[in-house]
Each structure stands twice: as C-alpha cells, then as structure tokens.
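Trainee: Could you walk me through how the labels on this structure are earned?
Mentor: Sure, put it up and ask away.

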Amino acid sequence: MKVSIIGATGYSGLEVIRYLHTHPYVEIVSIHSQTENQSIDTFYPYLKGLLSLPLEPINPEKIMAQSDLVFLALPSGISKEVAAPFVKNGFPLIDLSGDFRLEEQGAYEKWYKKEAAHYPLIEAFDYGLAEYRADISKPFIANPGCYATAAELSFAPLLQEQLIELDSIIIDGKSGLSGAGKGLTQASHFIEANDNMSVYKMNEHQHIPEIIQQFQRWEPALTGIQFTTSLIPVTRGIFMTAYAKPKNKIEPKELLELYRRCYEGKTFIRIQEENRFPVLKQIIGTNFCDIGLSVNEATGMITLVTTIDNLGKGAAGQAIQNMNLFAGFSETEGLLHVSIYP
C-alpha cells in the first residue's frame with residue numbers, strides 16, 4: 001500500500017512515519033507540510049539515512065494520483081478544510097484531528113471554539129476506536145483523541161455490562177507535554193512545566209463530548225461524566241485514574257475476569273495482574289493500552305488505572321491500527337514495538 005502523510009512535521013505526523021518505517025506492506029510515497037519546503041531529514045536530522053523525502057505542498061490531486069490512502073496529521077480547524085477534496089472523491093483518509101469526531105450538530109463549535117466542518121462530511125466518517133470498529137470497510141476514519149481512547153477503553157466492559165451507577169463516573173487524566181502539540185503556550189514553557197503539575201481546561205476539555213458520545217453507544221442513559229485533565233512534566237504518555245460505583249457489590253477477581261474476558265484476543269489491551277498497576281514507562285513508544293483494576297473493600301468503589309502513549313495508542317499507533325484493519329492486513333503489522341524502557 002502506498003500512503004501519503006499531510007502534516008508530517010508535527011509530533012503525530014512524525015510518529016506515523018516512525019511506525020510506517022518498519023511496516024512490511026506500506027510505502028510512504030510523499031510527505032506534506034503547510035510551511036516547510038525542504039527534505040524531512042534536513043528538517044529533522046534524526047531521520048538521516050532513514051527517510052529523505054521532500055516536504056511537498058499539499059496538492060490533493062497529485063496525492064490521490066500516487067497514493068492509496070492519506071493520513072491527515074493536522075491541527076483541529078485546519079484538517080477539515082484539507083480533508084474535503086479527498087472525501088468528495090471517495091479517497092481513503094485517516095484524520096488524527098478532532099474535526100470529524102463529534103456527530104451532534106453544534107458540539108464541535110461549542111467545545112473546539114471553531115466553525116464546524118460541513119456536516120455531510122462528518123457523517124461520512126467512522127469513529128476509529130480500533131477495538132470497537134463496527135465497519136472496518138469505511139474509507140474515512142476519525143481517529144479518537146488520546147484522553148478519549150484511554151477513557152473509553154477503561155470503561156467499555158463496565159458500561160457494556162451495565163454494572164455501574166452512571167452518575168458516579170470520575171476520570172482524572174494526566175498528560176505529557178507532547179499532547180499539546182508543537183505550539184508554545186505559557187503552560188508548556190519549560191520554566192512553567194518543569195517540576196510542576198497543573199490542571200487545565202476544567203470542565204471544558206474538547207474530549208469530554210467525544211467520551212460521552214462513545215459511552216452513550218454502550219449505555220444510552222448516561223448524561224455526563226466528571227473529567228479532569230492535568231499537565232505533568234514528562235514528554236509523552238497519559239496516566240489516567242478513573243472511578244465508578246458498581247450497582248451491586250463486585251469482587252476484585254470478578255472485575256479482573258470481566259476485563260480479561262472482554263479484551264480476550266485484543267492484542268493491544270493488556271490487563272494487569274491482580275493488585276498490579278501500570279506505569280508510563282511500560283507503554284512509551286508503543287500502541288499498547290495497559291489497565292490495572294481495584295475494588296475498595298470499604299467503599300465498594302472501582303478504581304481503574306490506565307496508561308497509553310498519547311502519540312502511540314492515543315494518535316499515530318491507533319491510526320496505523322485502523323489502516324491495517326481497513327487494508328486487510330494483520331491488525332498488529334508494524335505495531336509490535338517494545339516500550340522505550342527505562
């Protein structure tokens with residue numbers, strides 16, 4: 001399969017390149033940038049001897065003539081404009097931005113503070129939570145957000161089995177700095193972020209409606225969640241701690257068995273052993289989602305501890321997984337990387 005990458009100089013675009021470099025059935029035939037016009041290995045010397053394609057302007061007609069699929073690794077608000085000609089021509093596309101994730105009219109404007117894409121375009125996209133794709137043949141995939149991926153994979157078994165009180169869901173997500181992209185803000189300045197931790201977008205994070213949208217597919221009666229995000233001084237990774245109250249008492253071994261059964265055969269979801277909880281280091285540079293489980297004997301509350309790489313399972317890794325599903329490759333092709341440890 002021949003692919004093109006638009007937005008190749010951003011963190012997610014570079015991660016797509018890293019995964020595809022070792023993919024046995026994929027060739028990167030072109031890479032594109034809105035601002036750069038030099039060779040990618042000149043712009044990023046760490047790619048010397050690995051990839052030396054020129055960064056080309058975005059020309060949809062040329063891309064469609066030479067490729068079989070395109071990855072859009074552009075910021076939200078820009079991606080929807082670039083995607084339009086590909087969608088109108090029926091050309092397979094995987095979008096890593098948030099522009100095509102929210103189905104409800106008005107939700108994108110409210111949460112992203114930007115004008116929405118034309119809604120017939122949004123309706124053409126399949127939400128790409130890879131382990132729960134309903135129709136892998138659809139050519140337009142809206143790759144999920146990083147926090148959303150972690151939250152949805154954390155709660156899927158509990159919601160599908162209707163085991164928890166819906167008004168008890170609390171999600172506390174912490175992300176490394178790369179989750180904010182390359183754009184600089186005061187919060188991402190080294191002086192502010194180093195040796196520090198800060199809450200951001202309290203009750204306003206754009207992944208809230210995305211999470212609720214997917215949760216409601218499993219449990220339509222759900223109306224809301226409590227979701228908090230924090231910035232931690234690491235380069236990459238999401239560490240999520242989530243809580244819920246079960247409708248009926250559940251034993252730790254029952255909970256563990258539920259998750260093992262639910263994710264049996266799903267290579268990239270690794271359920272930890274009893275009383276073991278994942279750490280960031282075990283998933284950095286990978287497409288794995290690791291989940292640890294606990295039940296508080298005194299309160300009955302369920303605690304879920306989930307780790308993913310925000311640039312891996314939370315972005316590029318899941319995009320490659322979705323490409324594999326669409327193309328008919330093994331789901332794991334190009335993705336069985338060992339974590340960068342220590």
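Mentor: One definition to start with: helices (H or I, at least four residues) and strands (E, at least two) are DSSP runs, numbered from the N terminus. Keep in mind, too, that this is a predicted model.

Trainee: Then where does serine 52 lie?
Mentor: Serine 52 sits in the loop between helix H2 (40-43) and strand S3 (55-56).

Trainee: And what is serine 52 in contact with, leaving aside its neighbours within four places in sequence?
Mentor: Ser39, Ile40 and Asp41. Contact here means heavy atoms within 4.5 Å. As for glutamine 38, 14 residues apart from serine 52 along the chain, the two C-alpha atoms are separated by 9.6 Å.

Trainee: Why does leucine 14 count as buried?
Mentor: Buried means under 20% relative accessible area. Leucine 14 has 8% relative accessibility, so the label fits. This residue lies in helix H1. Not counting residues up to four places away in sequence, leucine 14 touches Ala8, Thr9, Ile40, Tyr44, Tyr46 and Leu47. The C-alpha atoms of leucine 14 and leucine 47 are 9.8 Å apart, with their positions 33 residues apart along the chain.

Trainee: What makes H1 and H11 oblique to each other?
Mentor: Helix H1 (residues 11-21) and helix H11 (residues 312-327) pack at an angle of about 50°, their axes 9 Å apart. Under 35 degrees would be roughly parallel, and 65 to 115 roughly perpendicular. The H1 and H11 pair fits neither, and is therefore oblique. The crossing of H1 past H11 is right-handed.

Trainee: Which residues in H1 and H11 meet?
Mentor: On the H1 side, Ser12, Glu15, Val16, Tyr19 and Leu20; on the H11 side, Gly312, Ala315, Ala316, Gly317, Ile320 and Met323. By class, that contact of H1 with H11 has seven nonpolar, three polar and one charged.

Trainee: Why are H7 and H9 called roughly parallel?
Mentor: They pack at an angle of about 25°, with axes 10 Å apart. The cut-off is under 35 degrees, so H7 and H9 are roughly parallel to each other. Their crossing is right-handed.

Trainee: How do you know that glutamine 214 is buried?
Mentor: The value is 6% relative accessibility, and the limit is under 20%, so glutamine 214 counts as buried. Glutamine 214 is found in helix H9 (residues 207-218). Tyr127, Leu129 and Glu152 touch glutamine 214, not counting residues up to four places away in sequence.

Trainee: What makes H7 roughly perpendicular to H10?
Mentor: The axes of helix H7 (residues 146-160) and helix H10 (residues 252-262) cross at roughly 105° and come within 10 Å. The range is 65 to 115 degrees, so H7 is roughly perpendicular to H10. In the contact of H7 with H10 there are eight nonpolar, two polar and no charged residues. Among those that meet are Phe155 and Leu158 in H7, and Leu258 and Cys262 in H10.

Trainee: Why is cysteine 262 not bonded to the closest cysteine sulfur?
Mentor: A disulfide needs sulfur atoms within 2.5 Å. The closest sulfur, in cysteine 289, is 11 Å away, so it is too far for a bond. Cysteine 289 is in no disulfide either. The disulfide count comes to zero.

Trainee: Is cysteine 289 buried or exposed?
Mentor: Buried: cysteine 289 has 0% relative accessibility, set against a limit of under 20%.

Technical notes. Residues numbered from 1 in each chain as written. Predicted model: local features only at pLDDT ≥ 70, side-chain atom pairs only at ≥ 80, totals over all residues. Heavy atoms only, no water. Axes fitted to C-alpha atoms, helices over the stretch in contact; angles between N-to-C directions. Parallel < 35°, antiparallel > 145°, perpendicular 65-115°, else oblique. Left-handed = near helix turned anticlockwise from the far one by under 90°. Nonpolar A, V, L, I, M, F, W, Y, C, P; charged D, E, K, R; others polar. Buried < 20%, exposed > 50% of the residue type's maximum accessible area, 1.4 Å probe, protein only.
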